[in-house]
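Work through these short exercises with the model in view. Try each task before reading its solution.

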Amino acid sequence: MDATVTARVPVEVKEQVNGILKDIGSTPTELINTAYRYVLHSKRLPDTHVPAGKKILNLTDDEKSSLKAFLDRSAVKAPASWEGKTYKDLREEAMRDRYPDFLAEA
């Protein structure tokens, strides 16, 4: 069974959002259902201060811990000999080591 939700929204915002929803093939009902599911899952409102063009993930403490553990397992420490060198420096050094004859002709 479904329930009806009533809310007050500034007319201009409603019109702009309805236009965007139409453009992306969605509806106000889908927006409201998605917002309700978000709050149900995250126990908070979405962050409304996201800079234009940026997407911010709001991770739970468990998700943050899992992500940190994954990164700790998969990260490789760079050798001390790399310290202070740029990617370009390291690439040129590797090219010299791997292709000394080719680079000597250039």
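**Exercise 1. The start of the chain**

Is valine 5 buried, partly exposed or exposed, going by its relative accessibility?

Solution. Note that this is a predicted model. Step one: find the residue. Valine 5 sits in the segment before α1. Step two: recall the cut-offs. Buried means under 20% relative accessible area, and exposed means over 50%. Step three: apply them. Valine 5 has 44% relative accessibility, so it counts as partly exposed. Step four: look across the chain. Valine 5 and threonine 60 are 55 residues apart along the chain, and their C-alpha atoms are separated by 28 Å.

**Exercise 2. The overall build**

State how many helices and strands the protein has, then decide whether it is a compact globule or more spread out.

Solution. Step one: count the elements. There are five helices and zero strands. Step two: read them from the N terminus. The order is α-α-α-α-α. Step three: test the spread. The radius of gyration is 26 Å, while the globule rule gives 13 Å for 106 residues. The value is well over the rule, so the protein is more spread out than a compact globule. Step four: take the dimensions. The C-alpha trace spans about 75 × 35 × 25 Å along its principal axes.

**Exercise 3. Surface and charge**

Find what percentage of the residues count as buried, and how far apart the centres of the positive and negative side chains lie.

Solution. Step one: take burial. Of the 106 residues, 3% count as buried. Step two: take the surface. The accessible surface comes to about 10400 Å². Carbon and sulfur atoms account for 58% of that surface. Step three: take charge. There are 17 positive and 17 negative side chains. The centres of the two sets lie 4 Å apart.

**Exercise 4. Checking two helices**

Compare the span of α1 with the span expected at 1.5 Å a residue, and do likewise for α2.

Solution. Step one: start with α1, residues 11-23. Its 13 residues should span 18 Å. The end C-alpha atoms are 18 Å apart, so the two values agree. Step two: move to α2. This helix has 15 residues, and 21 Å is expected. From first C-alpha to last, α2 reaches 21 Å, close to the expected value. Step three: look inside α1. Valine 17 lies in this helix. With a relative accessible area of 29%, valine 17 is partly exposed. Valine 17 and threonine 27 are ten residues apart in sequence, and their C-alpha atoms are 9.5 Å apart in space.

**Exercise 5. Positive phi after a helix**

Which residue takes a positive phi just after α2, and which residue with a positive phi follows α1?

Solution. Step one: look past α1. Glycine 25 follows, with a positive phi near 75 degrees. Step two: look just past α2. Lysine 43 takes a positive phi of about 65 degrees there. Lysine 43 is a residue other than glycine. Step three: place lysine 43. The residue lies in the loop between α2 (28-42) and α3 (61-74). At 66% relative accessibility, lysine 43 counts as exposed. Step four: add a second residue of this loop. Isoleucine 56 also lies between α2 and α3. Its relative accessible area is 40%, so isoleucine 56 is partly exposed. The C-alpha atoms of isoleucine 56 and alanine 7 are separated by 26 Å, and 49 residues lie along the chain from one to the other.

**Exercise 6. Salt bridges**

How many salt bridges does a search of the whole structure find?

Solution. Step one: give the count. The search finds two. Step two: take the bridge between lysine 68 and aspartate 72. Their side chains meet at 2.9 Å, N to O. The two residues are four apart in helix α3, so about one helical turn separates them. Lysine 68 counts as exposed, at 52% relative accessibility. Step three: take the bridge between lysine 85 and glutamate 93. The closest N and O atoms are 2.8 Å apart. Lysine 85 is partly exposed at 33% relative accessibility. Glutamate 93 is partly exposed at 29%.

Note on methods
Residues numbered from 1 in each chain as written. Predicted model: local features only at pLDDT ≥ 70, side-chain atom pairs only at ≥ 80, totals over all residues. Heavy atoms only, no water. Rg over C-alpha atoms; globule rule 2.2 N^0.38 Å. Buried < 20%, exposed > 50% of the residue type's maximum accessible area, 1.4 Å probe, protein only. Areas by Shrake-Rupley, 256 points an atom, 1.4 Å probe, with all protein chains shown as cover. Lys, Arg positive; Asp, Glu negative; His and termini not counted. Charge placed at Lys NZ, Arg CZ, Asp CG, Glu CD. Expected span 1.5 Å × (residues − 1). Salt bridge = Lys/Arg side-chain N within 4 Å of Asp/Glu carboxyl O.
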